[in-house]
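Notebook open, structure loaded. I want to go through the fold piece by piece and jot down what I find.

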Amino acid sequence: MAYKVFDNKATRLGSPALTIATDGRIALNADAGDTLRAVGARFVHLLWDAEARKIALRPLAKGDSRSYKLTVPSAHKRGMAVSGATFLRHIGWSLSDRVTLPLEWNEKEKILEAVLPPARGSIPKNKTRTGP
């Protein structure tokens, strides 16, 4: 029997990215954490653009009633995470699968943005379901 190379399932990206975990945590990789740290973020507003299917994180130095606290997991010094289960339920995101998405820094708006993939099993607005 020939040996097979193990495919590491961890996604490693060399640019800012976020992972939506099945428990509702939004984890930011080291590059995304560095970006938020550079602007002094300790909290974020979670933003949703339903039309464009984008989510965004607006960095904040101080929290308010609508902000989420950024945490730095003890195993990592540069990445960050935010508990976003309530937000994800609000936008109708299914937590059944873990997904990693690239993030882009929007300099004009001063936010980190990600485009969500189409929801599984969803029907595009211009299509209708036929049959039973």
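My notes below go from the whole chain to one sheet, then to a helix and the core.

**Whole chain.** I remind myself that this is a predicted model. I counted 2 helices and 9 strands. Reading along the sequence, I get β-β-α-β-β-β-β-α-β-β-β. The chain has 132 residues, and 33% of them count as buried. I also looked at contacts between residues at least 6 apart in sequence: 57% of these join residues at least 24 apart. For the accessible surface I have about 9,400 Å², with 53% of that belonging to carbon and sulfur atoms.

**The four-stranded sheet.** In what order do the strands of the open sheet of 4 sit? I read S6-S2-S1-S7, with antiparallel pairing. S6 (80–83) and S7 (99–102) are the edge strands, each pairing on one side only. Neighbouring strands here are turned by 20° against each other on average, ignoring direction. General reminder to myself: strands of a sheet pair through backbone hydrogen bonds.

**Pair by pair.** I started with S1 (residues 17–20) and S7, which are antiparallel and joined by 4 bridges. Thr19 has Thr100 as its bridge partner in S7, and Ala17 stands opposite Pro102. Next came S1 and S2, also antiparallel, with 3 bridges. Leu18 is partnered there with Leu28 of S2. The hairpin of S1 and S2 has 4 residues between the strands, and I noted Gly24 in it with a positive phi near 90°. Last, S2 and S6 run antiparallel with 4 bridges, and Ile26 stands opposite Val82 in S6.

**Faces.** Which residues of S2 are on the covered face, and which on the uncovered one? Ile26 and Leu28 make up the covered face, while Arg25 and Ala27 are on the uncovered one. I checked S7 too: Val99 and Leu101 are covered, Thr100 and Pro102 are not. The textbook point applies to regular strands: side chains alternate between the two faces of the sheet.

**Helix H1.** H1 spans residues 30–38 and lies across S1, S2 (25–28) and S6, at about 85° to S2. I looked up the buried residues of H1 and got Ala32, Gly33 and Leu36. Why do they end up on the same side of H1? Because they cover an arc of only 100° around the axis. Their cover includes S1, S2, S3 (43–49), S4 (54–60), S6 and S9 (111–115), among them members of the open sheet such as S1, S2 and S6. After H1 comes Gly40, with a positive phi near 80°.

**Core.** The largest nonpolar core has 24 residues. Which of them touch the most other members? I have Leu18, Ile20, Leu28, Leu36, Ile55 and Leu70 on that list. Leu28 I had already met as the bridge partner of Leu18 and on the covered face of S2. Leu36 I had met as one of the buried residues of H1. I then pulled up the contacts of Leu36, leaving aside neighbours within four places in sequence: Leu28, Ala41, Val44, Pro59, Leu70, Met80 and Leu112. Two names there, Leu28 and Leu70, are also on my core list.

Methods:
Residues numbered from 1 in each chain as written. Predicted model: local features only at pLDDT ≥ 70, side-chain atom pairs only at ≥ 80, totals over all residues. Heavy atoms only, no water. Buried < 20%, exposed > 50% of the residue type's maximum accessible area, 1.4 Å probe, protein only. Contact = heavy atoms within 4.5 Å. Areas by Shrake-Rupley, 256 points an atom, 1.4 Å probe, with all protein chains shown as cover. Pairing = 2+ DSSP bridges. Axes fitted to C-alpha atoms, helices over the stretch in contact; angles between N-to-C directions. Arc of directions from axis to C-beta. Core = buried A, V, L, I, M, F, W, Y, C linked by side-chain atoms within 4.5 Å.
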